[in-house]
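Colleague: I am new to reading protein models, and I would love some help with the vocabulary. Could we look at one together?

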Amino acid sequence: MKVNLFVSKDLEEPYAEIYTDALTDNIQKAMVLLENEEEYEEEGIGDNSILAVKKGQDIVLLDFEDIFMIRVEEKQAKAYTEDKDYLVKRPLYQIEENLDSNFVRVSKTTLVNLRKIKRVAPSLRGMMFIELKNGLKDNISRKYLSDFKEALNL
């Protein structure tokens, strides 16, 4: 999907136009989000409840609650859901700034959703091993272990 953004001080109110050959679920989600922007901002949801990602040529809007892990692989960030992975076109630190408190960094390259953890166990060299409910696995490095424990109130 091609996206164009025009910023002009001459506009009094923002508006969006979407041109498409078919009304997809993602376009409907985008329309609901845009139409209810003020309502979302009042409820504290707004931009901080979804993450825009790419799957092929499509832009997909993922709810934070559907994301299990975000990890950098081959210099690109990927968001993992229960059974799919999506490309995120931003650096990990920018993604982290917008995520809610359910996400915690476990290594230089990985953020996990605390609500999606299946188990945590000791690993090699003072690190911890983490397994998510969808079967994904990663290590919690020593550098981030104290933050991880604090997020779990341990």
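Here is our chat about strands, pairing and a helix.

Modeller: Happy to help! Keep in mind that this is a predicted model.

Colleague: What makes β4 and β5 a pair?

Modeller: Two strands pair if there are at least two bridges between them. Strand β4 (residues 76-80) and β5 have 4 bridges, in the antiparallel sense, so they count as a pair. As an example of who faces whom, Ala 77 stands opposite Val 88 in β5. A hairpin of 4 residues links β4 to β5.

Colleague: Which side chains of β5 are buried, and which are not?

Modeller: Tyr 86 and Val 88 point to one face and are buried. Asp 85 and Leu 87 point to the other face and are not buried. Buried means under 20% relative accessible area.

Colleague: Why do the side chains take turns like that?

Modeller: Because in a regular strand, side chains alternate between the two faces of the sheet.

Colleague: Why are β8 and β10 called edge strands?

Modeller: The open sheet has the order β8-β9-β10, with antiparallel pairing. Strands β8 (117-122) and β10 (137-140) each pair on one side only, and that earns them the name. Neighbouring strands here are turned by 25° against each other on average, direction ignored.

Colleague: How do you know that β9 and β10 pair?

Modeller: At least two bridges are needed, and 4 bridges join strand β9 (residues 128-132) to β10, so the pair qualifies. Within that pair, Glu 131 stands opposite Lys 137 in β10.

Colleague: What lies across this sheet?

Modeller: Helix α4 (residues 142-151) lies across β8, β9 and β10, and runs at about 95° to β10.

Definitions and conventions
Residues are numbered from 1 along each chain as its sequence is written. This is a predicted model: local features need pLDDT of at least 70, side-chain atom pairs count only at pLDDT 80 or more; totals for chains, interfaces and linings use all residues. Side-chain values use heavy atoms; hydrogens and water are left out. Buried means under 20% relative accessible area, exposed over 50%, partly exposed in between (1.4 Å probe, protein chains only). Helices (H or I, at least four residues) and strands (E, at least two) are DSSP runs, numbered from the N terminus. Axes are lines fitted to C-alpha atoms, for helices over the stretch in contact, and angles run from 0 to 180 degrees between N-to-C directions. Contact means heavy atoms within 4.5 Å.
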